[in-house]
Amino acid sequence: FKIVKARDYADMSRKAANIISAQVILKPDCVLGLATGSTPIGAYHQLIDWYNKGDVDFSQVSTYNLDEYRGLTHDDPQSYHYFMRDNFFDHINIDLANTHVPDGSNPDAEAACSAYDKMVEEAGYPDLQLLGIGNNGHIGFNEPDDHFSKGTHCVDLTESTIKANSRLFEREEDVPRQAYTMGVQTIMYARMILVVANGAAKAQAVHDMCFGPVTPQCPASILQLHPNVVVVADAEALSLCE
Ligand code: F6R
(Lines give C-alpha, C1' and ligand atoms only; values in the text may rest on other atoms or scores of the structure.)
Protein backbone atom coordinates (compact mmCIF):
# COMPACT_ATOMS: atom_id res chain seq x y z
CA PHE A 1 0.00 0.00 0.00
CA LYS A 2 1.27 3.41 -0.85
CA ILE A 3 -0.55 6.14 1.07
CA VAL A 4 -0.24 9.65 -0.32
CA LYS A 5 -1.40 12.40 2.01
CA ALA A 6 -3.07 15.35 0.35
CA ARG A 7 -3.63 18.75 1.96
CA ASP A 8 -7.26 19.10 0.91
CA TYR A 9 -9.76 18.08 -1.76
CA ALA A 10 -8.12 20.14 -4.52
CA ASP A 11 -4.70 18.68 -3.73
CA MET A 12 -6.13 15.14 -3.60
CA SER A 13 -7.81 15.71 -6.98
CA ARG A 14 -4.63 17.02 -8.63
CA LYS A 15 -2.51 14.19 -7.28
CA ALA A 16 -5.03 11.57 -8.47
CA ALA A 17 -5.28 13.26 -11.88
CA ASN A 18 -1.48 13.26 -12.12
CA ILE A 19 -1.39 9.50 -11.62
CA ILE A 20 -4.17 8.92 -14.18
CA SER A 21 -2.59 11.21 -16.76
CA ALA A 22 0.79 9.49 -16.27
CA GLN A 23 -0.94 6.20 -17.07
CA VAL A 24 -2.44 7.65 -20.27
CA ILE A 25 0.89 9.20 -21.32
CA LEU A 26 2.79 5.95 -20.71
CA LYS A 27 0.19 3.82 -22.52
CA PRO A 28 -2.03 5.92 -24.80
CA ASP A 29 -4.36 2.97 -25.53
CA CYS A 30 -4.74 1.99 -21.88
CA VAL A 31 -7.88 0.65 -20.24
CA LEU A 32 -9.12 2.76 -17.34
CA GLY A 33 -11.59 1.51 -14.73
CA LEU A 34 -13.59 4.51 -13.57
CA ALA A 35 -15.83 5.44 -10.65
CA THR A 36 -18.63 7.91 -10.06
CA GLY A 37 -19.60 9.60 -6.78
CA SER A 38 -18.48 12.97 -5.44
CA THR A 39 -14.87 12.11 -4.68
CA PRO A 40 -13.42 11.72 -8.21
CA ILE A 41 -15.17 14.75 -9.73
CA GLY A 42 -12.25 17.07 -8.95
CA ALA A 43 -9.81 14.66 -10.60
CA TYR A 44 -11.99 14.45 -13.72
CA HIS A 45 -12.19 18.23 -13.90
CA GLN A 46 -8.41 18.51 -13.54
CA LEU A 47 -7.93 16.02 -16.38
CA ILE A 48 -10.34 18.06 -18.55
CA ASP A 49 -8.23 21.14 -17.83
CA TRP A 50 -5.01 19.37 -18.85
CA TYR A 51 -6.74 17.99 -21.95
CA ASN A 52 -7.73 21.55 -22.90
CA LYS A 53 -4.11 22.62 -22.47
CA GLY A 54 -2.98 19.83 -24.81
CA ASP A 55 -1.20 17.85 -22.11
CA VAL A 56 -3.16 14.59 -22.30
CA ASP A 57 -4.84 12.77 -25.16
CA PHE A 58 -7.71 10.32 -24.57
CA SER A 59 -8.32 9.40 -28.23
CA GLN A 60 -7.16 5.79 -27.80
CA VAL A 61 -8.26 5.23 -24.21
CA SER A 62 -11.08 2.88 -23.32
CA THR A 63 -12.97 2.94 -20.04
CA TYR A 64 -15.08 0.59 -17.94
CA ASN A 65 -17.12 2.02 -15.09
CA LEU A 66 -17.71 0.13 -11.89
CA ASP A 67 -21.43 0.34 -11.55
CA GLU A 68 -24.84 1.66 -12.54
CA TYR A 69 -28.24 1.91 -10.87
CA ARG A 70 -30.67 -0.72 -12.05
CA GLY A 71 -33.74 0.68 -13.79
CA LEU A 72 -32.39 4.03 -15.00
CA THR A 73 -32.10 4.87 -18.69
CA HIS A 74 -28.77 6.14 -20.01
CA ASP A 75 -30.06 9.69 -20.34
CA ASP A 76 -31.57 9.82 -16.84
CA PRO A 77 -29.66 12.66 -15.11
CA GLN A 78 -29.28 10.41 -12.03
CA SER A 79 -27.72 7.59 -14.02
CA TYR A 80 -23.99 6.95 -13.97
CA HIS A 81 -24.01 6.95 -17.77
CA TYR A 82 -25.15 10.57 -17.61
CA PHE A 83 -22.75 11.41 -14.77
CA MET A 84 -19.73 10.22 -16.71
CA ARG A 85 -20.62 12.21 -19.83
CA ASP A 86 -21.51 15.28 -17.83
CA ASN A 87 -18.41 15.27 -15.63
CA PHE A 88 -15.81 13.83 -17.99
CA PHE A 89 -16.46 12.17 -21.36
CA ASP A 90 -18.25 15.07 -23.08
CA HIS A 91 -15.31 17.38 -22.31
CA ILE A 92 -12.38 15.30 -23.60
CA ASN A 93 -11.51 13.63 -26.91
CA ILE A 94 -12.46 10.11 -25.86
CA ASP A 95 -14.39 8.04 -28.40
CA LEU A 96 -17.75 7.42 -26.68
CA ALA A 97 -17.85 4.00 -28.35
CA ASN A 98 -14.87 3.09 -26.16
CA THR A 99 -16.61 4.04 -22.92
CA HIS A 100 -18.56 1.40 -21.03
CA VAL A 101 -20.92 1.46 -18.06
CA PRO A 102 -23.07 -1.50 -16.95
CA ASP A 103 -26.45 -1.33 -18.69
CA GLY A 104 -28.85 -0.41 -15.89
CA SER A 105 -31.65 -0.02 -18.42
CA ASN A 106 -31.59 -3.78 -19.09
CA PRO A 107 -34.02 -5.34 -16.59
CA ASP A 108 -32.47 -8.76 -17.24
CA ALA A 109 -29.79 -8.64 -14.55
CA GLU A 110 -28.17 -11.89 -15.55
CA ALA A 111 -27.77 -10.84 -19.18
CA ALA A 112 -26.63 -7.30 -18.39
CA CYS A 113 -24.01 -8.47 -15.90
CA SER A 114 -22.58 -11.35 -17.92
CA ALA A 115 -22.36 -9.16 -21.04
CA TYR A 116 -20.40 -6.61 -19.01
CA ASP A 117 -18.03 -9.22 -17.57
CA LYS A 118 -17.33 -10.49 -21.05
CA MET A 119 -16.47 -6.99 -22.29
CA VAL A 120 -14.14 -6.25 -19.37
CA GLU A 121 -12.42 -9.60 -19.81
CA GLU A 122 -12.02 -9.14 -23.57
CA ALA A 123 -10.51 -5.70 -22.93
CA GLY A 124 -7.89 -7.41 -20.77
CA TYR A 125 -9.00 -5.73 -17.49
CA PRO A 126 -8.05 -2.20 -16.46
CA ASP A 127 -4.46 -1.00 -16.41
CA LEU A 128 -5.61 1.42 -13.74
CA GLN A 129 -8.78 1.19 -11.66
CA LEU A 130 -9.95 4.35 -9.92
CA LEU A 131 -12.01 3.72 -6.78
CA GLY A 132 -13.89 5.79 -4.25
CA ILE A 133 -14.77 4.17 -0.93
CA GLY A 134 -18.12 4.11 0.85
CA ASN A 135 -18.47 5.15 4.51
CA ASN A 136 -19.05 1.45 5.22
CA GLY A 137 -16.01 0.32 3.24
CA HIS A 138 -17.84 -0.57 0.04
CA ILE A 139 -16.08 -0.46 -3.33
CA GLY A 140 -18.19 -0.24 -6.43
CA PHE A 141 -21.51 -1.25 -4.92
CA ASN A 142 -19.99 -4.24 -3.18
CA GLU A 143 -21.51 -3.76 0.26
CA PRO A 144 -20.36 -5.42 3.51
CA ASP A 145 -21.27 -9.10 3.26
CA ASP A 146 -20.19 -12.54 4.46
CA HIS A 147 -18.19 -13.24 1.29
CA PHE A 148 -16.30 -11.36 -1.42
CA SER A 149 -18.14 -11.15 -4.75
CA LYS A 150 -16.65 -12.30 -8.03
CA GLY A 151 -18.00 -10.92 -11.32
CA THR A 152 -20.54 -8.24 -12.19
CA HIS A 153 -23.80 -8.81 -10.34
CA CYS A 154 -27.00 -7.18 -9.17
CA VAL A 155 -27.00 -5.90 -5.57
CA ASP A 156 -29.52 -4.53 -3.11
CA LEU A 157 -28.13 -1.29 -1.75
CA THR A 158 -27.84 -1.01 2.04
CA GLU A 159 -29.79 1.59 3.99
CA SER A 160 -26.55 3.46 4.74
CA THR A 161 -25.66 3.70 1.03
CA ILE A 162 -29.20 4.75 0.09
CA LYS A 163 -29.01 7.48 2.74
CA ALA A 164 -25.54 8.61 1.66
CA ASN A 165 -26.58 8.74 -2.02
CA SER A 166 -29.91 10.45 -1.33
CA ARG A 167 -28.07 13.79 -1.19
CA LEU A 168 -27.92 13.61 -4.97
CA PHE A 169 -31.66 12.93 -5.38
CA GLU A 170 -34.66 15.11 -4.62
CA ARG A 171 -36.15 12.60 -2.17
CA GLU A 172 -34.71 9.54 -0.48
CA GLU A 173 -37.53 7.45 -2.01
CA ASP A 174 -36.12 8.31 -5.45
CA VAL A 175 -32.79 6.52 -4.86
CA PRO A 176 -32.87 3.23 -6.77
CA ARG A 177 -32.74 0.22 -4.46
CA GLN A 178 -30.60 -1.95 -6.73
CA ALA A 179 -27.50 -1.60 -8.86
CA TYR A 180 -25.30 -3.62 -11.18
CA THR A 181 -21.70 -3.58 -9.99
CA MET A 182 -18.37 -5.07 -10.98
CA GLY A 183 -17.43 -7.71 -8.45
CA VAL A 184 -14.52 -7.58 -6.03
CA GLN A 185 -12.63 -10.22 -7.99
CA THR A 186 -12.89 -8.20 -11.20
CA ILE A 187 -11.66 -5.10 -9.38
CA MET A 188 -8.67 -7.09 -8.10
CA TYR A 189 -7.70 -8.02 -11.70
CA ALA A 190 -6.77 -4.39 -12.42
CA ARG A 191 -3.02 -3.97 -12.66
CA MET A 192 -3.01 -0.83 -10.54
CA ILE A 193 -5.63 0.52 -8.17
CA LEU A 194 -5.97 4.17 -7.19
CA VAL A 195 -8.28 4.88 -4.24
CA VAL A 196 -9.37 8.46 -3.56
CA ALA A 197 -10.97 9.57 -0.30
CA ASN A 198 -11.62 12.84 1.45
CA GLY A 199 -13.44 14.03 4.54
CA ALA A 200 -13.91 12.77 8.08
CA ALA A 201 -16.86 10.54 7.16
CA LYS A 202 -14.38 8.26 5.34
CA ALA A 203 -11.81 8.04 8.16
CA GLN A 204 -13.00 4.74 9.64
CA ALA A 205 -13.39 3.08 6.22
CA VAL A 206 -9.94 4.27 5.11
CA HIS A 207 -8.39 2.98 8.33
CA ASP A 208 -10.11 -0.40 8.02
CA MET A 209 -9.18 -0.66 4.33
CA CYS A 210 -5.48 -0.07 5.08
CA PHE A 211 -5.00 -1.58 8.54
CA GLY A 212 -8.06 -3.62 9.52
CA PRO A 213 -8.48 -7.36 9.05
CA VAL A 214 -9.10 -8.52 5.48
CA THR A 215 -12.80 -9.27 5.68
CA PRO A 216 -15.85 -8.98 3.40
CA GLN A 217 -17.40 -6.92 6.21
CA CYS A 218 -15.11 -4.18 4.85
CA PRO A 219 -14.92 -4.99 1.12
CA ALA A 220 -12.09 -2.47 0.53
CA SER A 221 -9.88 -4.40 2.97
CA ILE A 222 -9.19 -6.96 0.24
CA LEU A 223 -7.04 -4.35 -1.47
CA GLN A 224 -4.37 -5.23 1.13
CA LEU A 225 -3.83 -8.36 -0.99
CA HIS A 226 -3.31 -6.39 -4.23
CA PRO A 227 0.34 -5.74 -5.17
CA ASN A 228 -0.12 -2.24 -6.59
CA VAL A 229 -2.48 0.07 -4.68
CA VAL A 230 -2.12 3.82 -4.16
CA VAL A 231 -4.42 5.63 -1.74
CA VAL A 232 -4.63 9.40 -2.19
CA ALA A 233 -6.54 10.92 0.71
CA ASP A 234 -6.80 14.19 2.60
CA ALA A 235 -5.83 14.67 6.24
CA GLU A 236 -9.38 14.18 7.50
CA ALA A 237 -9.82 10.85 5.72
CA LEU A 238 -6.42 9.75 7.07
CA SER A 239 -7.06 10.99 10.63
CA LEU A 240 -7.41 7.47 12.07
CA CYS A 241 -4.33 6.18 10.22
CA GLU A 242 -1.78 8.22 12.20
C1 F6R B 1 -19.24 4.86 -7.53
C2 F6R B 1 -18.86 3.82 -6.59
C3 F6R B 1 -18.99 3.99 -5.10
C4 F6R B 1 -18.40 5.30 -4.60
C5 F6R B 1 -18.56 5.40 -3.08
C6 F6R B 1 -18.06 6.74 -2.55
O7 F6R B 1 -19.02 4.42 -8.85
O8 F6R B 1 -18.45 2.80 -7.03
O9 F6R B 1 -18.35 2.91 -4.47
O10 F6R B 1 -17.06 5.37 -4.95
O11 F6R B 1 -19.91 5.26 -2.74
O12 F6R B 1 -18.88 7.75 -3.05
P13 F6R B 1 -18.54 9.30 -2.85
O14 F6R B 1 -17.31 9.56 -3.64
O15 F6R B 1 -19.74 10.02 -3.40
O16 F6R B 1 -18.34 9.50 -1.40
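## Working through the ligand site and a ring pair

The largest pocket here is the space taken by the ligand. Keep in mind that this is a predicted model.

**Exercise 1.** Work out how many residues surround the ligand, and how they split by class.

*Solution.* Start with the count: 14 residues surround the ligand. Next, pick out the closest, which are T39, D67, H138, G140 and K202. Then sort the shell by class: it has three nonpolar, eight polar and three charged residues.

**Exercise 2.** Find polar contacts that S38, D67 and H138 make with the ligand, using a cut-off of 3.5 Å between N or O atoms.

*Solution.* Take S38 to begin with: a polar atom of its backbone sits 2.8 Å from a ligand oxygen. Move on to D67, where a polar side-chain atom is 2.7 Å from an oxygen atom of the ligand. Finish with H138: an N or O atom in its side chain is 2.7 Å from a ligand oxygen. Now look at cover: on its own the ligand has 410 Å² of accessible area, and the protein covers 92% of that.

**Exercise 3.** Classify the ring pair Y69 and Y80, and say which parts it ties together.

*Solution.* For context, the whole structure holds nine aromatic pairs. To describe a pair of aromatic rings, you need the distance of the centres and the angle of the planes. For Y69 and Y80, the centres are 4.9 Å apart and the planes are at 45°, so the pair is tilted. Lastly, place the residues: Y69 belongs to strand β4 (residues 67-69) and Y80 to helix α3 (residues 80-87), so the pair ties together parts eleven residues apart in sequence.

Notes
Residues numbered from 1 in each chain as written. Predicted model: local features only at pLDDT ≥ 70, side-chain atom pairs only at ≥ 80, totals over all residues. Heavy atoms only, no water. Near = heavy atom within 4 Å. Polar contact = N/O pair within 3.5 Å; in protein donor to acceptor, adjacent residues only side chain to side chain. Areas by Shrake-Rupley, 256 points an atom, 1.4 Å probe, with all protein chains shown as cover. 1 Å grid on protein atoms, 1.4 Å probe; cavity = no way out; pocket = protein on both sides within 12 Å on 5 of 7 lines; lining within 4 Å. Sits in = over half its atoms within 2 Å of the grid points. Nonpolar A, V, L, I, M, F, W, Y, C, P; charged D, E, K, R; others polar. Phe/Tyr/Trp six-rings, centres within 6.5 Å; stacked < 30°, edge-to-face > 60°. Helix = DSSP H or I, 4+ residues; strand = E, 2+ residues; numbered from the N terminus.
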